[in-house]
Amino acid sequence: MTNESDWENSADNPRARYIVPNLDRALVMLELLSSRPEGINVSDLGVELKIPKNSAFRIAVTLENRGFLEKVEGTKRYRLTPRLLVLGAMSVTDANLFEKSIDVMRRLRDATGETALLGTMIDGEGVVLDQALGTHHFKFAVDAGTRFCLHTAAPGKAMLAAMPEEERVQRVMKMKLPRFTANTITTHEAFLEHLRVVGERGYGFDLAEEMEGQTCIGAAIRGATGGVIAALWITAPSSRIPDSQLDSFGAVVKAHADEISGRFGAVLSQMA
């Protein structure tokens, strides 16, 4: 790891004069936290990075302010947010999530005929990362980077429902729940109960809750430690997915999402 003397003894590095020490420390901190999904408190960050606690604190607060770090609920530990995943997924040089997902998305599209999408959460919203367009003449298309409300979207519900209960409750209680249609859930209590059902089922629905005539079905994708990192879903005109077929479509979506989770090393049997 980096220590204080590194900045003073780097004269032999021809590029040392151009390095911004605090930026370099911030990047090292991100690298460290990427291997510690449970999070690290400021004191331990200072020890492991061999920098003063005050320096570690300022860097962590700066990264938290920019949305790259967050506090683990009920603790003083910092951990990475999905923002880096979003940046990495959108970068042409880092196709890790895409590499593990693109063929599965296409097979889900082929199996259902509907547009299959990949997305994650950031700043209390969902964000679309990629899509495989449906095979029907009439199909939904959504631009990468499009944000969506978590309380109406199937992928948002699936990701929230897959979180530990305490984290889920705390996140939901901070959310605004605007009404879009007559089907929109607009109270925290009702939404939490709805998420309980989603969690038991393993996939979430959007039954014209944000847009009339649209149905979405989504399931969460987990990383190696079991934490939620993304979601996979399909979106279709409600007329093509009648209520009697919701669960059969849901099972198909979940099976494909679980396949991606497995590629990240998630042991799903231990999370049931």
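# Reading the terms: hairpins, burial and salt bridges

Modeller: In the hairpin of E7 and E8, 5 residues stand between the strands, and Gly-226 takes a positive phi near 95 degrees. The model is predicted.

Colleague: What makes E7 and E8 a pair of strands?

Modeller: Two strands pair if at least two bridges are found between them. E7 and E8 are joined by 9 bridges and run antiparallel, so the pairing condition is met. One of the bridges links Cys-216 to its partner in E8, Thr-235.

Colleague: How do you know that E6 is also paired with E7?

Modeller: The same rule of at least two bridges applies. E6 and E7 have 4 bridges and run antiparallel, and therefore they count as paired. Among the partners, Asp-206 is matched with Cys-216 in E7. In the hairpin of E6 and E7 there are 6 residues between the strands, and Ala-208 takes a positive phi near 55 degrees.

Colleague: In what order do the strands of the open sheet stand?

Modeller: The sheet has 6 strands in the order E5-E4-E3-E8-E7-E6, with antiparallel pairing. Its edge strands are E5 (147-148) and E6 (204-207), each of which pairs on one side only.

Colleague: How many bridges does E4 form with E3, and how many with E5?

Modeller: E3 (residues 115-122) and E4 (residues 125-132) are joined by 7 bridges and run antiparallel. Between E4 and E5 there are 2 bridges, also in the antiparallel sense. The rule asks for at least two, so 2 bridges are enough for E4 and E5 to count as a pair. Opposite Phe-148 of E5 stands Gly-126. On the side of E3, Ala-116 has Ala-132 of E4 as its bridge partner, and Gly-119 has Val-128. The hairpin of E3 and E4 has 2 residues between the strands, and Asp-123 there takes a positive phi near 55 degrees.

Colleague: Which helix lies across E3, E4 and strand E8?

Modeller: That is helix H6 (residues 96-112), which runs at about 70 degrees to E4.

Colleague: Why is E7 called largely enclosed?

Modeller: Each residue is judged by its relative accessible area, and under 20% counts as buried. In E7, 9 of the 9 residues are buried, so the strand is largely enclosed by the rest of the structure. For the chain, buried residues make up 44% of the 272 residues.

Colleague: Arg-222 lies in E7. How do you know that Arg-222 has no salt bridge?

Modeller: A salt bridge requires a side-chain nitrogen of Lys or Arg within 4 Å of a carboxyl oxygen of Asp or Glu. The nearest side chain of opposite charge to the buried Arg-222 is Asp-258, 6.7 Å away; the 4 Å condition is therefore not met. A polar atom of the Arg-222 side chain does lie 2.7 Å from the backbone oxygen of Gly-226.

Colleague: With which residue does Asp-258 form a salt bridge?

Modeller: Asp-258 pairs with Lys-254, the closest N and O atoms being 2.8 Å apart. That value is within 4 Å, so the contact is called a salt bridge. Both residues lie in helix H10 (residues 246-263), 4 residues apart, about one turn of the helix.

Colleague: Why are Lys-254 and Asp-258 called partly exposed?

Modeller: Partly exposed covers the range between the buried limit of 20% and the exposed limit of 50%. Lys-254 has 28% relative accessibility and Asp-258 has 23%, so both receive that label. Elsewhere, salt bridges that share partners join Glu-70, Arg-79, Glu-167 and Arg-171 into one network.

Colleague: Is Arg-79 buried or exposed?

Modeller: Arg-79 has a relative accessible area of 16% and is therefore buried. Its side chain meets that of Glu-70 in a salt bridge at 2.9 Å, N to O.

Colleague: What labels do Arg-109 and Asp-110 receive?

Modeller: Arg-109 is buried at 17%, whereas Asp-110 is exposed at 52%. Their closest N and O atoms are 2.6 Å apart, in a salt bridge. A search of the whole structure finds 17 salt bridges.

Colleague: Why is Lys-76 called exposed?

Modeller: Exposed means over 50%, and Lys-76 has a relative accessible area of 68%, so the label follows. Lys-76 is placed in the loop between strand E1 (69-71) and strand E2 (78-80). Not counting residues up to four places away in sequence, Lys-76 touches Ile-40, Asn-41, Val-42 and Lys-71.

Note on methods. Residues are numbered from 1 along each chain as its sequence is written. This is a predicted model: local features need pLDDT of at least 70, side-chain atom pairs count only at pLDDT 80 or more; totals for chains, interfaces and linings use all residues. Side-chain values use heavy atoms; hydrogens and water are left out. Buried means under 20% relative accessible area, exposed over 50%, partly exposed in between (1.4 Å probe, protein chains only). Lys and Arg count as positive and Asp and Glu as negative; His and the chain ends are not counted. A polar contact is a pair of N or O atoms within 3.5 Å; within protein, one must be able to donate a hydrogen and the other to accept it, and residues adjacent in sequence count only if both atoms are side-chain atoms. Contact means heavy atoms within 4.5 Å. Axes are lines fitted to C-alpha atoms, for helices over the stretch in contact, and angles run from 0 to 180 degrees between N-to-C directions.
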